[in-house]
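Reader: I am new to reading protein structures. Could you walk me through one?

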Amino acid sequence: MSFLDNLWRGRASEFDAGSAATNAIELTKRHQKVSLSKQNAAAGHLRVNLSWRMRTSDIGGPKRQSVLRHPFQALKPEPVQAHSQSMVNVDLDLGCLYELADGTKGVVQPLGGFLGDINDPPYMRLSGDDRFGSGSGETMYINLDHRDDFKRLLVFVYIYDQTPAFDRTHAVVTLYPSNGPRIEIGLDERHSQARSCAVVLIENVKGEIVVRREVKFVYGFQAELDRLYGWGLQWGRGYKSKADR
């Protein structure tokens with residue numbers, strides 16, 4: 001194996017896992033887990049943010065190609081193209097299924113107004129409901145000062161009562177610990193009919209807070225995610241008020 005082979009392998013690993021240069025860790029299929037405890041980040045408020053935008057390829061924009069695979073393409077000017085597909089309404093919502101150490105189970109989500117509480121059980125709070133994919137997106141705060149009260153948390157994203165369009169949006173869930181680099185999970189897989197996605201599982205494993213990438217798309221809503229992970233809650237059809245839509 002040559003020096004260049006070693007160099008190339010090192011660069012590939014860096015791009016998959018993120019680097020100190022970008023102050024981010026990207027969880028991928030190859031690098032699925034990270035320990036907040038080992039990074040001294042298992043305390044304070046863990047901020048979880050959902051942001052999204054329409055894919056440029058779906059509104060007539062140019063498709064980006066990998067600079068590593070096509071180094072000379074970056075030097076070519078981008079062609080001007082007209083819009084090829086109509087825009088769709090996309091309302092992505094951020095939620096979290098929780099199971100506490102005492103056996104209490106529930107959900108924090110915009111639908112139904114289950115926004116949680118940061119200082120009392122379930123020790124997490126959703127800031128609100130962003131329906132338009134603004135720059136700030138939707139944000140949830142998890143109080144890791146109560147980490148011993150957590151057993152597992154499943155952060156998920158779902159499309160509320162609109163056209164399934166995970167394949168036409170570029171959504172990213174980012175975790176901002178109190179210490180160390182942020183953690184990014186991209187929802188880039190194409191599942192055109194999916195309505196929900198289990199994004200990341202946060203578990204208390206013998207006192208260690210471990211974050212694990214899931215990115216599992218399902219064609220139903222929260223009840224299907226519940227069955228997939230064995231939460232055992234009772235679900236009913238929920239609606240947003242006209243003021244919230």
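Author: Start with accessible area. It comes from the Shrake-Rupley method with a 1.4 Å probe. Here the protein chain exposes about 13600 Å². Carbon and sulfur atoms supply 49% of that area. Keep in mind that this is a predicted model.

Reader: What share of the residues counts as buried?

Author: Buried means under 20% relative accessible area. The protein chain has 245 residues, and 43% of them count as buried.

Reader: Which helices and strands should I look for, and how many are there?

Author: The protein chain holds two helices and 14 strands. Now look at contacts between residues at least 6 apart in sequence. Of these, 68% join residues at least 24 apart.

Reader: How do strands join into a sheet?

Author: Strands of a sheet pair through backbone hydrogen bonds, either parallel or antiparallel. In this model, six strands form an open sheet. Their order is β3-β14-β13-β10-β5-β6, and the pairing is antiparallel. The edge strands, β3 (33-35) and β6 (105-108), each pair on one side only. Neighbouring strands of this sheet are turned by 20° against each other on average, direction ignored.

Reader: What packs on the sheet?

Author: Helix α2, residues 222-229, does. It touches β5 (92-100), β10, β13 and β14. The direction of helix α2 makes about 125° with that of β14.

Reader: Show me one strand pair. How many bridges join β10 to β13?

Author: Seven bridges do. Strand β10 covers residues 150-159, strand β13 covers residues 196-205, and the two run antiparallel. Find Val 155: it stands opposite Val 200 in β13.

Reader: Now a single residue. Where is Arg 213?

Author: Arg 213 lies in strand β14, residues 208-218.

Reader: Is Arg 213 buried or exposed?

Author: Arg 213 has a relative accessible area of 11%. The cut-off for buried is under 20%, so Arg 213 is buried.

Reader: What does the side chain of Arg 213 reach?

Author: It reaches the backbone oxygen of Leu 27 at 3.5 Å. The side chain of Arg 213 also makes a polar contact with the side chain of Glu 189, at 3.5 Å. Leaving out residues up to four places away in sequence, Arg 213 touches several others, including Thr 28, Gln 32, Ile 185 and Val 200.

Reader: How many disulfides does the whole structure have?

Author: A disulfide needs two cysteine sulfur atoms within 2.5 Å. A search of the whole structure finds zero.

Reader: Are Cys 96 and Cys 197 buried or exposed?

Author: Cys 96 is buried, at 0% relative accessible area. Cys 197 is buried too, with 0% relative accessibility.

Notes: Residues are numbered from 1 along each chain as its sequence is written. This is a predicted model: local features need pLDDT of at least 70, side-chain atom pairs count only at pLDDT 80 or more; totals for chains, interfaces and linings use all residues. Side-chain values use heavy atoms; hydrogens and water are left out. Buried means under 20% relative accessible area, exposed over 50%, partly exposed in between (1.4 Å probe, protein chains only). Helices (H or I, at least four residues) and strands (E, at least two) are DSSP runs, numbered from the N terminus. Contact means heavy atoms within 4.5 Å. A polar contact is a pair of N or O atoms within 3.5 Å; within protein, one must be able to donate a hydrogen and the other to accept it, and residues adjacent in sequence count only if both atoms are side-chain atoms. Two strands pair if DSSP finds at least two bridges between them. Axes are lines fitted to C-alpha atoms, for helices over the stretch in contact, and angles run from 0 to 180 degrees between N-to-C directions.
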